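This briefing looks at strand pairing, burial and nonpolar packing in the model shown below. Please read the bullet points alongside the coordinates.

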Amino acid sequence: MDYRSSMESSETLRNKCAACYRQFNKLEHLVEHMKISYHSGHEPTCGVCKKHCRSFESLREHLIGPLPKQECKNIFSLRGCRFCLTILESSNARRIHQERCQFSSVNYGLTTRMAALGLRDKALIDYMSSRSPKVVALSCKMVGGGSDGSLDLCARVCITDESDNVVFHTYVKPSMAVTSYRYETTGIRPENLRDAMPLKQAQRKIHEFLCNGEPMWKIRPRGGKARILVGHGLDHDLDRLQLEYPSSMIRDTAKYPPLMKTSKLSNSLKYLTQAYLGYDVHVGIQDPYEDCVATMRLYTRMRYQKHKIEAYPLAADAQNRSNQVAWRQSEAERMCPDEMLSISRSDYYCWCLDSLV
C-alpha cells in the first residue's frame, strides 16, 4: 500500500461512526450523521462486534438475516439466544439461558372457561393498598357497529398486573347498537353484553384506577401515584373507551422504537410474542387476558435490560442543552468518533429507565 492509499485508509477510519460503523468520506459528514442519529447506550447492540442497531429487528437482520455479518452469524449460531439476542459464554450456557428466556403460553382453555363462568369478572380490587401494582397492562376486544359492522366498539376489557393477576375484567355494553359480534375472533355473544357494564361506568372505573387518586394535570412519570399503562395499540383501545391518559405514562409495544420494524412500522403483537417470548397468541378466539400477559412480558423484558446509567439520558433533557455546544462543527471536528458517541443521547425514552423509578 503506497503512502497516499495509507493516508486515505486512515482518514476513512477516522470518519467511521463509533456506533453503527458507517464510514464517511469527510469528517463533517460524520458530524452531521451524529447530530441526527441519536446513538446511545440504549440502542440494541451486537454482542459480538458491538455495532449499535436502531431496533431489535435491525440487530436480528445483522445476526441471522438474509445478508448477516458472517463472523457475527457464526458466533450467534453457536452461542446466541434467539429471543433476547444475547451472546452467551458457551453453547451449553446458551441452552440453559434459552430455556429460561422462552415463556410458556397462558392456559387459553382454562382462562376462556373462567371468563364464560364469570369467575374472572370483577370490579377493581383493593387498588388503594400499599401492595397495589405500579404497572398494569390493558387490552380490549371489539365488536362491530355501523351498517357494515366495521366500526370498532369496545365490548370486553381486561387489566392485569406484573404477575399476570387479573385486576379488572368485564364485558362492556357499547353505547350504540352492535351489528357484528365477530364471534370467530372475539368469542362474544349477545347474551354476554345483555347485562354488561355500561361503557361510561367502565370508563370511570378504569380512569380512577389508573390515576390512583391523582388529578390528570398532576400526573408525572416519576414520584407520583398514577400507574404506568402497558399495552399494544393503546391509542385505539383508549379511544374506544373514550379515555384520556398522559402519554408519559403509556408504554405501547406497537410504538416502542426497539420493537418496531426496520422500516419504523409497528410489528403485530402476534409476531412480537412469537419472536421475543417464544410462543403463539391469537390462535382461534382471542382473549384480552392473553394480550395483557404478552404485552406485560414484552415490557418487563425491555425494562430489565442493563444499560449504562446516565444522569440525563435523553436528548430532550434540558440539562443536555449545554452538550449542544459540542456539536458546533468546528469543535466536533476536533473530536474522535468515540468522543462524539460519548456526548450523544437517545431520542426515545428507554423502558430500562422505569427500573430506576
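Gly 144 of strand β1 stands opposite Ser 180 in strand β4, and these two strands (residues 135–145 for β1 and 178–180 for β4) run antiparallel and are joined by two bridges. The model is a predicted one, in which local features need pLDDT of at least 70 and side-chain atom pairs count only at pLDDT 80 or more, whereas totals for chains, interfaces and linings use all residues. Residues are numbered from 1 along each chain as its sequence is written, and side-chain values use heavy atoms, with hydrogens and water left out.

**Pairing of β1**

- Strands here are DSSP runs of E with at least two residues, and helices are runs of H or I with at least four, both numbered from the N terminus; two strands count as paired if DSSP finds at least two bridges between them.
- With strand β2 (residues 151–160), β1 pairs in the antiparallel sense over nine bridges, and Ala 137 stands opposite Thr 160 in β2.
- Five residues lie between the strands in the hairpin of β1 and β2, where Gly 146 takes a positive phi near 85°.
- Strand β6 (residues 228–231) runs parallel to β1 and is joined to it by three bridges, with Ile 228 as the bridge partner of Val 135.

**Burial of β1**

- Eleven of the eleven residues of β1 are buried (under 20% relative accessible area with a 1.4 Å probe, protein chains only), so the strand is largely enclosed by the rest of the structure.
- In a regular strand the side chains alternate between the two faces of the sheet.
- Both faces of β1 are covered, with residues including Val 135 and Lys 141 buried on one side and residues including Val 136 and Met 142 buried on the other.

**Nonpolar cores and helix α12**

- The largest nonpolar core (a set of buried Ala, Val, Leu, Ile, Met, Phe, Trp, Tyr and Cys residues joined through side-chain atoms within 4.5 Å) has 66 residues, and Leu 138 and Tyr 245 are among those with the most contacts inside it.
- Helix α12 gives the largest share of this core, eight residues.
- Because domain 1 (15–102 + 315–353) and domain 2 (128–304) both give residues to this core, it lies between them; the domain bounds come from an automatic or database domain assignment.
- A second, separate core has 14 residues, including Phe 24 and Leu 341.
- Of the 16 residues of α12, 16 are buried.

How values were computed
Buried < 20%, exposed > 50% of the residue type's maximum accessible area, 1.4 Å probe, protein only.
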